[in-house]
Amino acid sequence: MNSTDRWLIGFRYHNLPGRTVRCFYLVDAVDPQRARQIAAARANTAAHRAGTTL
């Protein structure tokens with residue numbers, strides 16, 4: 001049985017000139033590399049990308 005930890009992963013997006021958006025994801029994963037992969041997959045969804053064009 002694997003033990004998972006909770007990780008807070010953040011990404012910065014430069015979506016408009018002079019504007020930076022920071023998005024954070026709380027994910028459960030066994031190690032930091034897997035946590036980043038999960039967070040990146042969530043960040044790459046169409047719904048999320050639409051929300052960062054504020």
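**Exercise 1. Decide whether Ala 43 is buried or exposed in this predicted model, and place Ala 43 in its element.**

Solution.
- Step 1: Take the accessibility. Ala 43 has a relative accessible area of 7%.
- Step 2: Apply the cut-off. Buried means under 20% relative accessible area, so Ala 43 is buried.
- Step 3: Find the element. Ala 43 belongs to helix α1, which covers residues 32-43.
- Step 4: Check the separation from Cys 23. The two residues are 20 residues apart along the chain, and their C-alpha atoms are separated by 8.2 Å.

**Exercise 2. Work out the order of elements in the protein chain and how β1 and β2 pair.**

Solution.
- Step 1: Count the elements. The protein chain has two helices and two strands.
- Step 2: Read from the N terminus. The order is β-β-α-α.
- Step 3: Set the limits of the strands. β1 spans residues 5-16, and β2 spans residues 19-29.
- Step 4: Read the pairing. β1 and β2 are antiparallel and share eleven bridges. As one example, Arg 12 has Arg 22 in β2 as its bridge partner.
- Step 5: Inspect the turn. Two residues separate the strands of this hairpin. Gly 18 sits in the turn, with a positive phi of about 80 degrees.

**Exercise 3. Find the salt bridge and state which parts of the chain the pair ties together.**

Solution.
- Step 1: Recall the principle. Side chains of opposite charge can pair when their charged atoms come close.
- Step 2: Apply the distance test. A side-chain nitrogen of Lys or Arg must lie within 4 Å of a carboxyl oxygen of Asp or Glu.
- Step 3: Count the hits. The rule yields one salt bridge.
- Step 4: Name the pair. Arg 6 and Asp 28 form a salt bridge, with their closest N and O atoms 3.0 Å apart.
- Step 5: Locate both ends. Arg 6 lies in β1 and Asp 28 in β2, so the pair ties together parts that are 22 residues apart in sequence.
- Step 6: Classify the ends. Arg 6 is exposed at 57% relative accessibility. Asp 28 is partly exposed at 42%.

**Exercise 4. List what Trp 7 touches, leaving out residues up to four places away in sequence.**

Solution.
- Step 1: Place the residue. Trp 7 is in strand β1.
- Step 2: Classify Trp 7. Its relative accessible area is 25%, so Trp 7 is partly exposed.
- Step 3: Collect the contacts. Trp 7 touches Tyr 25, Leu 26, Val 27, Ala 29, Asp 31, Pro 32 and Ala 35.
- Step 4: Look for a polar approach. A polar atom of the Trp 7 side chain lies 3.3 Å from the backbone oxygen of Ala 29.
- Step 5: Check Ala 35. The C-alpha atoms of Trp 7 and Ala 35 are separated by 6.4 Å, although the residues are 28 residues apart along the chain.

**Exercise 5. Identify the residues of the nonpolar surface patch and describe the chain's surface.**

Solution.
- Step 1: Name the members. Leu 8, Phe 24 and Leu 26 make a patch of about 350 Å².
- Step 2: Examine one member. Leu 8 lies in strand β1. Leu 8 is exposed, at 60% relative accessible area.
- Step 3: Step back to the chain. The protein chain exposes about 4,200 Å², and carbon and sulfur atoms supply 53% of that area.
- Step 4: Turn to burial. Of the 54 residues, 24% count as buried.
- Step 5: Add the contact range. Among contacts between residues at least 6 apart in sequence, 37% join residues at least 24 apart.

Key: Residues numbered from 1 in each chain as written. Predicted model: local features only at pLDDT ≥ 70, side-chain atom pairs only at ≥ 80, totals over all residues. Heavy atoms only, no water. Patch = residues over 30% accessible without salt bridge, like charges linked within 9 Å, V, L, I, M, F, W, Y side chains within 5 Å. Areas by Shrake-Rupley, 256 points an atom, 1.4 Å probe, with all protein chains shown as cover. Helix = DSSP H or I, 4+ residues; strand = E, 2+ residues; numbered from the N terminus. Buried < 20%, exposed > 50% of the residue type's maximum accessible area, 1.4 Å probe, protein only. Contact = heavy atoms within 4.5 Å. Polar contact = N/O pair within 3.5 Å; in protein donor to acceptor, adjacent residues only side chain to side chain. Pairing = 2+ DSSP bridges.
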